[in-house]
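The following questions and answers work through a structure step by step, each answer ending on what was asked for.

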Amino acid sequence: MEQQKTFVEDIERTLYDIRNEDHSVYKTERGLTEEIIRDISRQKKDPAWMLDFRLQSLEKYYRIPLPVWGPDISELNMDDIVTYVRPGGKMAGNWQEVPEEIKATFDRLGIPEAERTSLSGVGAQYDSEVVYHRVQKELSDQGVIYTDFETAVHEYEDIVKEYFMKLVPPKDHKFAALHGAVWSGGSFVYVPEGMHVDIPLQSYFRLNAAGAGQFEHTLIICEKNSSLHFIEGCSAPRYNVTNLHAGCVELYVKEGARLRYSTIENWSRNMMNLNTKRALVEKDGLIEWVSGSFGSHVSCLYPSSILHGENARCEFTGVTFASRGQDLDTGATVVMLAPNTSANINTRTISKSGGAATYRSAVKVTPGAKGAKCLVNCESLLLDEKSRSDTLPVMDIETDDVEIGHEAKIGRISDEAIFYLTSRGIAEEEAQAMIVRGFVEPVAKALPLEYAVEMNNLINMELVGSMG
Amino acid sequence: MEKELFSTLPVPTWRWLGVNEVYLPEELQTLPTPVRKIQIDVPAGQHVTQVIANRTEQRTEITAHVAEGGTLQMVQLQLLPPDKAGTCNVEVTAEKDAQVYYTTAEIGASRVLAQVKIDLAGDGSKADMAALYFGDGTRSIDLNYVITQTGKKTEANMQVRGALQDSAAKIFRGTLDFKAGSKDSTGREKEEVVLLNEGIRNRSVPLMLSAEEDVNGQHAVSAGRLDNSRLFYLMSRGLDEKEARKLVVGALFATVLERVPDAELREKISREVEERIEHGQR
């Protein structure tokens, strides 16, 4: 029997492809030199130690070679990337002060609405500088600090100095070194001992200028027995020049604390998303990652969890959707260092229209991690014959007292399922979208409602060619 | 002297895991070691059985071609002395409707490198692979198995069973590679490894690569120590712990060993594994 193919329209991106005129007041020279780093540091009024840190990172950046594995990033020419772009506006204390043009873009992406409804704080990053930032008063009264990273460097210098790039040291890889040299913007969150932030904090990152890189730094510290849900969303308008995103996220989950870190990334299709995310989890702590990767041209994203204390846990839920022109290499790493640590990794990947999706992971159990448990489940769906899907997990176990399980499946939507749904009067496109939504349901249900809706809309846009 | 590459992971990953490639053991490189070459041709429609119990050859290369509708049943048992390193490289091509039954056991040698590549080139071809390894003492085992599915309606099955004790170290790389055009193909891969004490190192790398939508692929790995409740049950029936371990490992290996056509060889391997669980490495 000749199998029926569903024609799948490519994503409708108009909402995300609004491009504003470039009104930036300051841009560095192209390429990366010591002078540029000093320039950035001067502009930011860095303390001396930060300038030293940047320069040392630059040295490492020159020395470390590009990775030999993963997607092809040869079209990335660092000399073409303007590393720092400062938008034409000062830090704004409230929404009304944000420049009209920038505000309009954020309005279209629905940021203030999100805040008005349920989110307790919004830090929106426009290019490299945070232009709008607010935390509900009661939170700051309780000692929760939520601020942009530049402010944190000055106002909470001791904390930043203690934690900044200790978890992701610049020597880790070339793009971590680059980040250490040129980082700009980002969020700083400090949750004091025993404090439960019961409404999610949200930050929205966005790139505007063509050929600009974005290197925001996120540092979250959850003290003993505290809890937090942090949401990071990413979107950018499309340009012809390659854009680079090499952000860095460092999460410290102290004894008994819980942190959920959710991301829906929908970068434009010319973005190189080479982001590094890492969490250090102490005794009885829990890190929950929820990760949706929809956009970008190339992504390398593997949030890693270092389970450092006894009974520390990691839950990872991820979905990756690769379409035409996309090579999305995503996954997770877990390092188990203490007894009775556990990890649960659950991912779904979808490839269509010539897109390539790779699930890559590493689970390392060190000799001291007696009683460690890790379960990995990844499923991949291929929607047509032009696309690719690869699964590359590694398990490295150095003690006997473990339970390690890994399962992966790869395949297509069954004709029977489509036939069943169409025989019930559902159009074929919609039937396919329904099945894909069911496939990613484990991720959707881990997200707050409005993000689950956004993710479903992204899937509908991919599959049906409209907002459905 | 430049190190000689023996095998590589079909798609590389992070270097810190040390699984991307393996080089020839030094002792085989410094002392020129003769390579025993075996060529097997299975004519169309014929059935060939080949059993190799290797006790002496440190380097073996086997190439096999299975013509249309042919069947190759190959058993490759590595029983080298415990102070010798060994390598074995096997490449099999299966034409239309050909079947390959490949069984292997890695029992001996101080350090062993084994690579098996089966190309299901023809439509309707099939590979059924079963492997076992037993690592103890300071033994090091490095395996790289790749089944490539090029033809339509191909079928791959890779079952690997292993046990590690003392300070043995093992890397298993198992790849199912669905090439574009391998429509209506299926692939299954499973590794089960029992870890008998602390101090071992087990690395498992199951890869599944697909450039074809119309396939059904699955892989799984499970690693852990002997189930305490099962051990307790056996011991409550009067077995001591070592006896119980022997029984559990024996059961794990049974499905692979029963594919060895020679009863004497089967018995020899079972006995050796039992003795090494009982007394440690000879």
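Q: In which helix of chain A is A:Ile37 found, and is A:Ile37 buried or exposed?
A: In this predicted model, the relative accessible area of A:Ile37 is 0%. Because buried means under 20% relative accessible area, this residue falls in that class. A:Ile37 is thus a buried residue, and its place in chain A is helix α1.

Q: Which residues does A:Ile37 touch, not counting those up to four places away in sequence?
A: The contacts of A:Ile37 include two residues of helix α2 that also take part in its packing with α8, A:Arg54 and A:Leu58. Two residues of α8 from that packing, A:Ala181 and A:Val182, are touched by A:Ile37 as well. With neighbours up to four places away in sequence left out, the list reads A:Leu32, A:Arg54, A:Leu55, A:Leu58, A:Ala181 and A:Val182.

Q: What distance separates the C-alpha atoms of A:Ile37 and A:Asp141?
A: Along the chain, A:Ile37 and A:Asp141 are 104 residues apart. In space, the separation of their C-alpha atoms is 37 Å.

Q: Are helices α2 and α8 of chain A roughly parallel or roughly antiparallel?
A: Helix α2, residues 48–63, and helix α8, residues 174–182, pack with their axes 7 Å apart and at an angle of about 150°. Because angles over 145 degrees count as roughly antiparallel, the relation of α2(A) to α8(A) is roughly antiparallel.

Q: How many nonpolar residues does the contact of α2(A) with α8(A) have?
A: The crossing of these two helices is left-handed. On the side of α2(A) the contact is made by A:Phe53, A:Arg54, A:Ser57, A:Leu58, A:Lys60, A:Tyr61 and A:Tyr62, while α8(A) contributes A:Lys174, A:Ala177, A:Leu178, A:Gly180, A:Ala181 and A:Val182. Sorted by class, two of these residues are polar and three are charged, and the number of nonpolar ones is eight.

Q: Is A:Lys45, which lies in the loop between α1 and α2 of chain A, buried or exposed?
A: The phi of A:Lys45 is near 55°, a positive value in a residue that is not glycine. Its relative accessibility is 63%, and because the exposed class begins over 50%, A:Lys45 counts as exposed.

Q: What is the relative accessible area of B:Ala109?
A: B:Ala109 also has a positive phi without being a glycine, at about 70°, and its place is in the loop between β8 (99–106) and β9 (111–120) of chain B. This residue is classed as buried, and its relative accessible area is 0%.

Q: How many charged residues are in the contact of α3(B) with α4(B)?
A: Helix α3, residues 241–257, and helix α4, residues 263–279, of chain B pack at about 150° with axes 10 Å apart, and α3(B) is therefore roughly antiparallel to α4(B). The crossing is right-handed, and among the residues that make the contact are B:Lys242, B:Glu243 and B:Arg245 of α3(B) and B:Arg266, B:Glu274 and B:Glu278 of α4(B). Six residues of this contact are nonpolar and one is polar, and the charged residues number seven.

Q: What share of the residues in chain A is buried?
A: Chain A has 12 helices and 25 strands, and it exposes about 17000 Å², of which carbon and sulfur atoms supply 49%. Of its 468 residues, the buried share is 64%.

Note on methods. Residues are numbered from 1 along each chain as its sequence is written. Chains are lettered from A and ligands numbered from 1 in the order in which they are written. This is a predicted model: local features need pLDDT of at least 70, side-chain atom pairs count only at pLDDT 80 or more; totals for chains, interfaces and linings use all residues. Side-chain values use heavy atoms; hydrogens and water are left out. Axes are lines fitted to C-alpha atoms, for helices over the stretch in contact, and angles run from 0 to 180 degrees between N-to-C directions. Helices (H or I, at least four residues) and strands (E, at least two) are DSSP runs, numbered from the N terminus. Angles under 35 degrees count as roughly parallel, over 145 as roughly antiparallel, 65 to 115 as roughly perpendicular and the rest as oblique. A crossing is left-handed if the near helix is turned anticlockwise from the far one by less than a right angle, and right-handed if clockwise. Contact means heavy atoms within 4.5 Å. Ala, Val, Leu, Ile, Met, Phe, Trp, Tyr, Cys and Pro count as nonpolar, Asp, Glu, Lys and Arg as charged, and the others, Gly among them, as polar. Buried means under 20% relative accessible area, exposed over 50%, partly exposed in between (1.4 Å probe, protein chains only). Accessible areas come from the Shrake-Rupley method with a 1.4 Å probe; for residues, only the protein chains shown count as cover.
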